[in-house]
Every structure is written in C-alpha cells, then in structure tokens.
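Student: I would like a careful, close look at a single part of this model, with the reasoning spelled out as you go. How many disulfides does the structure hold, and what pattern do the disulfides of the chain follow?

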Amino acid sequence: LSFRSGLTHELHKKDVEQVYLRCSEGSIEWMYPTGALIVNLRPNTSPASFKHLTVCIKPFKDSAGANIYLEKTGELKLLVRDGDRSPRKVYCFGYDQGGLFVEATPQQDISRKITGFQYELMSKGIASDLHTVSAPCRPCSDTEVLLAVCTSDFVIRGSIQDVTNEEEEQESIIHVGVNRLYRQKSKVFQLTGESGNWRGQIKTLLECGVRPGDGDFLFTGRMHFGEARLGCAPRFRDFQRMYKEAKDKGLNPCEIGPD
C-alpha cells in the first residue's frame, strides 16, 4: 500500500487518516508524511483467533519522517523512533496489545521523506520460533527435528557451499546447494545455470557461527518477510537415524521419505 500526504504544510499538519489492511502480510509506504496514520489490521479470520496472533513490522532501511507507536485506548508506546537505523530490526507484539499509530515528525526542510515498513501477522507459536530469545543457536532435539519436517515452510537436503557474514546486520547468509527438495512455500530455491542445479540462500544469526563444511544437512525453517530463516538443521545422516527410529516405533508425525 503506497500513498502520499504531500509536502509539509499547515493545512495537513494535524490530519489523521485511517488505513484498513485485510491481508496477513504486506507493506506500507508513506511519502512526504504529515499528520498521522492509524493502521488497522483486520485479517479475514475469526475474531476469536485474534488473541493467538502476533504482529511483526520491519521498517524499510531508509525509512524516515515519522515515529511508529503501538496504540491502545489512547495510550501510545514508542516502537520505532524516526531516524533509528537499527539494521534489519523486527518489532513484534501481540495483536491484542493494540494497533499502529504512525505520526509524522516536524521537518525543517522539504526534502523527500518516505516512511515505510513491511508487516506480517502470524500465530504466536510461529513467532516464538522465529524470535527465540534463549539459546537461538542450540541444536534441535530429535522430536523438534521431526516436528519441523512436518510444519516448516521449507525442507531440503543440501550442502553448505559458502557462508557470507553481514557484520552490520548481525546475520549470516548460507548459500545452499540442494540435493533434494522436499517442500518450499515460496520459490527461494531455484534451478540455476546450464547444469540444472538447485540453489538458494538461508539466513541465520551471525552469533551461530555457521561455517562451510563437508556433508549433507537437512535444512528446515520458515519464510519471514520474504526471506528463508533457518530452523532445525541436523546432519542428514543424523536425521535418517532419528526418522527410522521414530518410524519403527510408529511415532514419526509425518511421512517424508528421507532416502
């Protein structure tokens, strides 16, 4: 959703506009912000499920010209301050904690300003998976791996071709060569070149210290703001063992065919 309120002038300085968004994910781009926006997220789901939803917003890299608040019953809580350049930071809150109030800040010039952010609504369970505070780099248990195979947005067998570390964003990009594609929600992994090899990129935290290495892994994870985020990633031989043990006991939560 893109719109403009015009260059800063007295007539619109106190205008407040209501915006209603029905999609579960998308983006807002506000050019020459003046006055304020009240952003109402109204997903096409039952109101009874609202308490189980988490809202996440990710400001554009060069977003400027407004403060973003969480608003409930007239009380404002600052989420993103105008000019905050925290790289790639994501802000999440419960749907029932309030809505978004975006207020333009006074400008001393008429230079072009754009306030913008992406947003996503997701279940609280998925949000906690993506934003684990404690031990975000710990290995998954056998049970967690088997469940991840059933519920992840992507599941692939592949090898680490290279790792690019982004110090400023505190993230690592894992360049993956795909040997078998079990599932993907969006086309992150694609055929490349004349050789017809499948390749793609997965992001994870820099602190996890991922390095290129030999052997195959089972990569699982979720899509978040259009990017593949790493979940459980055991060595493939370990996954084969745990899958066979669970299958022999009739405890595997879903079939995948790991061979």
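Tutor: A disulfide, as the word is used here, is a pair of cysteine sulfur atoms within 2.5 Å. In chemical terms, a disulfide is a covalent bond between the sulfur atoms of two cysteines. Please keep in mind throughout that this is a predicted model, and that the values below are computed from it.

Before turning to the links, it helps to have the setting in view. The chain has 259 residues, of which 40% count as buried, and it contains three helices and 16 strands. If we take the contacts between residues with a separation of 6 or more, 67% of them involve residues 24 or more positions apart. The accessible surface comes to about 14,600 Å², and carbon and sulfur atoms account for 49% of that area.

Now to your question: the structure holds four disulfides. If the bonded cysteines are counted along the chain, the disulfides follow the pattern 1-2, 3-6, 4-7, 5-8.

Let us begin with the link between Cys-56 and Cys-92, whose sulfur atoms are 2.0 Å apart. The torsion about this S-S bond is about 105 degrees, and the disulfide is therefore right-handed. Because Cys-56 sits in strand β5 (residues 53–59) while Cys-92 sits in strand β8 (residues 91–94), the pair ties together parts that are 36 residues apart in sequence. The two ends of the link also have their own accessibilities: Cys-56, at 0% relative accessibility, counts as buried, whereas Cys-92, at 34%, counts as partly exposed. The cut-offs behind these words are simple, since buried means under 20% relative accessible area, exposed means over 50%, and partly exposed is what lies in between.

A second example is the disulfide of Cys-137 and Cys-208, with sulfur atoms 2.0 Å apart. Here the torsion about the S-S bond is about -80 degrees, so this disulfide is left-handed. The link connects distant parts of the chain, 71 residues apart: Cys-137 belongs to the loop between α1 (124–130) and α2 (142–151), and Cys-208 to the loop between β14 (197–205) and β15 (217–224). Cys-137 has a relative accessible area of 34% and is therefore partly exposed, and Cys-208, with 25%, is partly exposed as well.

A third example is the disulfide of Cys-150 and Cys-254, whose sulfur atoms are 2.1 Å apart. The angle about its S-S bond is -100 degrees, and the link is left-handed. This pair, too, joins distant parts of the chain, with Cys-150 in helix α2 and Cys-254 in the segment after α3 (236–248), 104 residues apart. At 24% relative accessibility, Cys-150 counts as partly exposed, and Cys-254 is likewise partly exposed, with a relative accessible area of 22%.

The covalent links can be set beside the nonpolar packing of the chain. In soluble globular proteins, nonpolar side chains tend to be buried together. The largest nonpolar core of this chain has 25 residues, and Val-39, Leu-41, Ile-57, Leu-100, Val-102 and Phe-117 touch the most other members. If we leave out residues up to four places away in sequence, Val-39 touches Val-19, Leu-21, Ile-28, Gly-99, Leu-100 and Val-102. Ile-57 can also be reached from another starting point, namely Val-80, which lies in strand β7 (residues 75–80) and counts as buried at 7% relative accessibility. Again leaving out residues up to four places away, Val-80 touches Ile-57, Pro-59, Ala-66, Asn-67, Ile-68 and Tyr-91. Between Val-80 and Tyr-69, which are eleven residues apart in sequence, the C-alpha to C-alpha distance is 6.9 Å.

Finally, two backbone details are worth looking up in the loops. Most residues other than glycine have a negative phi, and most peptide bonds are trans. Thr-73 has a positive phi, near 45 degrees; this residue belongs to the loop between β6 (66–72) and β7, and it is exposed, with a relative accessible area of 72%. Gln-170 also has a positive phi, of about 55 degrees, although it is not a glycine. Its place is in the loop between β11 (154–166) and β12 (171–184), and at 45% relative accessibility Gln-170 counts as partly exposed.

Technical notes
Residues are numbered from 1 along each chain as its sequence is written. This is a predicted model: local features need pLDDT of at least 70, side-chain atom pairs count only at pLDDT 80 or more; totals for chains, interfaces and linings use all residues. Side-chain values use heavy atoms; hydrogens and water are left out. Helices (H or I, at least four residues) and strands (E, at least two) are DSSP runs, numbered from the N terminus. Buried means under 20% relative accessible area, exposed over 50%, partly exposed in between (1.4 Å probe, protein chains only). Contact means heavy atoms within 4.5 Å. Accessible areas come from the Shrake-Rupley method with a 1.4 Å probe; for residues, only the protein chains shown count as cover. A nonpolar core is a set of buried Ala, Val, Leu, Ile, Met, Phe, Trp, Tyr and Cys residues joined through side-chain atoms within 4.5 Å.
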